[in-house]
Every structure is written in C-alpha cells, then in structure tokens.
Amino acid sequence: GAHDTPEPTRLYSKLSPEQQAEFGKVVIEKLRTLIGGYGELSVLAEYIAVMLQSSRPPEQIQSELEAFLQDQSPTFTDWLCRQLAKHAGEDQGPPPDAKGEALLLRAVQDARQGAAAAEGGAVAAGGKSRRREGGEKERRTSRAREKRAHREKQAAAVQEPVAREKSAEPAATGRHRSRSRRGRRRDKAAEGGKSRRKEAVLTPNVQFLRDAYHSKKQGQTAAA
C-alpha cells in the first residue's frame, strides 16, 4: 500500500495558485513558532515551496532544512507533509467518497459565492438600468416638448400672414387716402417754410435784383 499513495510532496503541484498561497502562509506561521521572528521567514517558506513544486522527497527536504531548523527539521518536515495532504484534500489516502465530499463542499461554497457576487452585480445593474430608464424618460418628454413648441410655431407662422392679409384689405384703401392727404399737407407746410425762410433772408438789394431779373425775363418773353 505504501507505494500506491503518492509522494506527499507531489501533491503540491496539484494545488491551485490560491491554495499554494494559503499553504505558504500556514508554513510561515509554523516556522515562526519554531524559530521565532529570526531570519526572513517568507524567503524560507518560498524555498520550501520551490522544493515542493519540484516534488523533492521528504528526506531531501528535511536534510535541506536542517541548516535552518537544526534538530527541529524532522518534526517540521513531518508536519509539512501532513499539512500538504490536508490542503490537497488527501489526508494520507482518504476513502474516495470523503475526497469527493470535500470537493463537493468546495464546489457548493464557490457556487454560493458566485451567486452572491452575481446578485450584487444584478442589483448594481438594476440600479443602472433604472437610472438609464429615468434618463430616457426625461429625454423623451423634453423631445415631445420641443416638438410641440415647433408645431405651435409653425401654426403661428401659417396663421400670421393670413391674419395680416385679412386686416390689410379694408385698411389698405383708407391708408392710401390718408397717406396722400398727409403728403399734401406735408408739401404745403414745406412750401410755407421755404417762403418764410426766403422772406427772412432777403435783403432789399436781393429783392431789387430779383425784381429786375423778373422784369427782364418778362421783357424777353414779351419781345419773343
């Protein structure tokens, strides 16, 4: 039976990266209990992980670690192999159904976590879509408002000339008449102003010259 069970150290390569990281933490904690805070524990743990990754046999790991752990190396290596088997779900060759159960448990946990994450995502997405709907609604109402205003403007534009033409028809003749009357009044006033201005400016000499000019002109027409 001893040959059928895999080398405990071979189990390390079966672990997922997450499990390997978790296992590394456990190893560091164990090393701290053995040698205290002395030395760079994470470097030593990494060295152990590298040996496990290359499936070194336990005896070799033990002899390598003696430089660091001295006489505690055998007990540590023993603990390491047991711990590794536990992490890989192979407690020194467990019955297959127990192994299956452990896997099933893990699968259920993963599924639960996945569902929770998905639910959280759905809630967030729901909020987003609600916000989006609200935005759409606002856009739609403002668009409808613009359309209505545009229609009203068009209607007003059509009605305005019609109304103008209607009101212009009866007033046009009256306006024409009043304009000509006003025009005549304006002309008369202008003439009056001109003559008033002339009278004010004229001196006796100019008046005399004008009279002479007129009489000369009259003389010419009479001669002709």
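Select Gln19, His87 and Arg106: Gln19 is in contact with both of the others, leaving aside its neighbours within four places in sequence (contact means heavy atoms within 4.5 Å). Gln19 sits in helix H1, residues 17–35 (helices are DSSP runs of H or I, at least four residues, numbered from the N terminus). Gln19 counts as buried because its relative accessibility is 18% (buried is under 20% relative accessible area, exposed over 50%, partly exposed in between, with a 1.4 Å probe and protein chains only).

This is a predicted model, in which local features need pLDDT of at least 70, side-chain atom pairs count only at pLDDT 80 or more, and totals for chains, interfaces and linings use all residues. Residues are numbered from 1 along each chain as its sequence is written, and side-chain values use heavy atoms, with hydrogens and water left out.

Next, select Ser55, in the loop between helix H2 (41–53) and helix H3 (58–69). Ser55 is not a glycine, yet its phi is positive, about 50°. With 27% relative accessibility, Ser55 is partly exposed.

Move on to Gln70, in the loop between H3 and helix H4 (73–87). Gln70 is another non-glycine residue with a positive phi, near 50°. Its relative accessibility of 48% makes Gln70 partly exposed.

Finish at Arg148 in helix H5, residues 96–201. Arg148 is partly exposed, at a relative accessible area of 45%. Add Lys137, Arg140, Arg143, Arg145, Lys147 and Arg151 to the selection to show the positive surface patch that they form with Arg148. Patch residues have over 30% relative accessible area and no salt bridge, like charges being joined within 9 Å (a salt bridge is a side-chain nitrogen of Lys or Arg within 4 Å of a carboxyl oxygen of Asp or Glu).

Conventions: Patches are made of residues with over 30% relative accessible area and no salt bridge: like charges are joined within 9 Å, nonpolar side chains (Val, Leu, Ile, Met, Phe, Trp, Tyr) within 5 Å. Accessible areas come from the Shrake-Rupley method with a 1.4 Å probe; for residues, only the protein chains shown count as cover. Lys and Arg count as positive and Asp and Glu as negative; His and the chain ends are not counted. The place of a charge is taken as NZ of Lys, CZ of Arg, CG of Asp or CD of Glu. Helices (H or I, at least four residues) and strands (E, at least two) are DSSP runs, numbered from the N terminus.
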